Amino acid sequence: MTPQGPVSDEEAANIARRVDFSSVHGARILLTGAQGMLGNYTAQAILEASRLQGFSPASLVAVGRRGQDRTADWAKKFSNFEHQRHLVGFESDLPTSDVFLHFASAASPTKYADGPDLWETNLGGAISGIAGKTTPEKVLFVSSGEVYGAGSEQGYASGARERITEPSPRSPYPNSKLATEFLLRGWNSENNKSLRIGRVFHTFGPGLKKDDGRSFGDILWSASEGKDIRLRSNGSAERNFAYIEDTVVGLLLLLFCDGATVTTDIGGQERLRITEFAQIAASQAGVHVDFEHPTDPAAVTDVTGSPPPPNTAALEQAGWRCEVSVAEGIRRSLASFATSSTRQ
């Protein structure tokens, strides 16, 4: 039996209602990072939702860099599309495209130790995607809210601007994202195409791997397995959480909006403490929330602080808003995990 994939029928219909896919009709689409949570979901969302509207890309090449990934098996249903789910490195030119969606690299902290791979995936993938025989007319780069700063014990200043992060175990991730933003802006200033940069904040949903390493991933997987949720901090750090449907709709609206170069944050409109997110998941799963140091939880601090809320003004002008509450997103995620083989 072929898995349905991360996008439910309900969510495909929602995305078709929220996004106009007419501009992808007959287009050649190239998507990197197709084995990650966001890339995999977006690839299916484009195919399913555009089909519901009566439109169809000429081809969609979904590129991954690992071995065969069962989470992408849904693509077998679309026999009239070209799918390339396994490409090791970017030594060869990627296929020519009209629309290039660059989702790489992984956002998981468990992948941050391999700095050279992060640089190759972000910068190398971008160069390969724009270096075809014809340059794509539309480019979307999925960056990160961490370009405003990462790993600061003092937290994040309100109104912060993007900056190079001082060397640390996690700095290759935001620095390689920011460098890729600069590269693509320079390329676009000479080619005058449609460049979109979406700085994604804390997104969760189907496809979130068990070994993701972020607090909300640990929380959701513990809850889905009926285990008590153990927090390794006092849980006071705040995050703007977004369910994956809302984030992907934001990315697609960004891709299709007017303007030569647009950069915007994409993040949830509900701001919760980590402990509040954990309590919602625990309540739905019937488990408890504990701390690693229950005798003095207030003594444990969150070393990454609380980032500022994302600035989504540009997206809101394009008609975007969050439609899925955090509680509903958690419910959908737990239901998805219950039938998922995505463990690592």
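Ser143 stands opposite Arg199 of strand β5. Strands β4 and β5 pair in the parallel sense over seven bridges; two strands count as paired if DSSP finds at least two bridges between them. Helices (H or I, at least four residues) and strands (E, at least two) are DSSP runs, numbered from the N terminus. This is a predicted model, in which local features need pLDDT of at least 70, side-chain atom pairs count only at pLDDT 80 or more, and totals for chains, interfaces and linings use all residues. Residues are numbered from 1 along each chain as its sequence is written, and side-chain values use heavy atoms, with hydrogens and water left out.

**The six-stranded sheet**

β4 and β5 belong to an open sheet of six strands in the order β2-β1-β3-β4-β5-β9, with parallel pairing. Strands of a sheet pair through backbone hydrogen bonds, either parallel or antiparallel. The edges are held by β2 (59-63) and β9 (261-266); each has a single partner strand, so one side of each is left without a neighbour in the sheet. From one strand to the next the twist averages 15°. Axes are lines fitted to C-alpha atoms, for helices over the stretch in contact, and angles run from 0 to 180 degrees between N-to-C directions.

The table lists three strand pairs, two of them from this sheet and one from the three-stranded sheet described further on.

| Strand pair | Sense | Bridges | Residues opposite each other |
|---|---|---|---|
| β1 (28-32) and β2 | parallel | five bridges | Thr32 and Val63 |
| β5 and β9 | parallel | six bridges | Leu195 and Thr261 |
| β6 and β8 (238-243) | parallel | two bridges | Phe204 and Tyr243 |

Strand β5 is mostly covered, with seven of its seven residues buried. Buried means under 20% relative accessible area, exposed over 50%, and partly exposed in between, with a 1.4 Å probe and protein chains only. In a regular strand the side chains alternate between the two faces of the sheet. Both faces of β5 are covered: Ser194, Arg196, Gly198 and Val200 are buried on one side, and Leu195, Ile197 and Arg199 on the other.

**Helices on the sheet**

Helix α2 (residues 37-52) lies across β1, β2, β3 (99-102), β4 (138-144) and β5 (194-200), and runs at about 160° to β1. Helix α4 (residues 172-191) also packs on the sheet, where α4 touches β3, β4, β5 and β9 and makes about 155° with the direction of β4. Asn188 is placed in α4. At 5% relative accessibility, Asn188 counts as buried. Leaving aside neighbours within four places in sequence, Asn188 is in contact (heavy atoms within 4.5 Å) with Lys193, Ser194, Leu195, Ala260 and Thr261.

**Helix pairs**

The axes of helix α3 (residues 115-130) and α4 come within 9 Å and cross at roughly 15°. That makes α3 roughly parallel to α4; angles under 35 degrees count as roughly parallel, over 145 as roughly antiparallel, 65 to 115 as roughly perpendicular and the rest as oblique. The crossing of α3 with α4 is right-handed. A crossing is right-handed if the near helix is turned clockwise from the far one by less than a right angle, and left-handed if anticlockwise. Residues of α3 in this contact include Leu118, Trp119 and Leu123, and those of α4 include Tyr173, Leu183 and Trp187. By class, the contact of α3 with α4 has 12 nonpolar, five polar and one charged residues. Ala, Val, Leu, Ile, Met, Phe, Trp, Tyr, Cys and Pro count as nonpolar, Asp, Glu, Lys and Arg as charged, and the others, Gly among them, as polar.

Leu118 of α3 is buried, with a relative accessible area of 2%. The C-alpha atoms of Leu118 and Ala104, 14 residues apart along the chain, are separated by 8.5 Å.

For helix α1 (residues 9-18) and helix α6 (residues 244-256), the axes come within 11 Å and cross at roughly 30°. This crossing is right-handed too. Glu11, Asn14, Ile15 and Arg18 in α1 meet Glu245, Asp246, Val249, Leu252 and Leu253 in α6. By class, this contact has four nonpolar, one polar and four charged residues.

**The second sheet and the whole chain**

An open sheet of three strands has the order β6-β8-β10, with mixed pairing. Its edge strands are β6 (203-204) and β10 (270-273), each paired on one side only.

The secondary structure of the chain comes to nine helices and 11 strands. Of its 344 residues, 55% count as buried. Among contacts between residues at least 6 apart in sequence, 81% join residues at least 24 apart.
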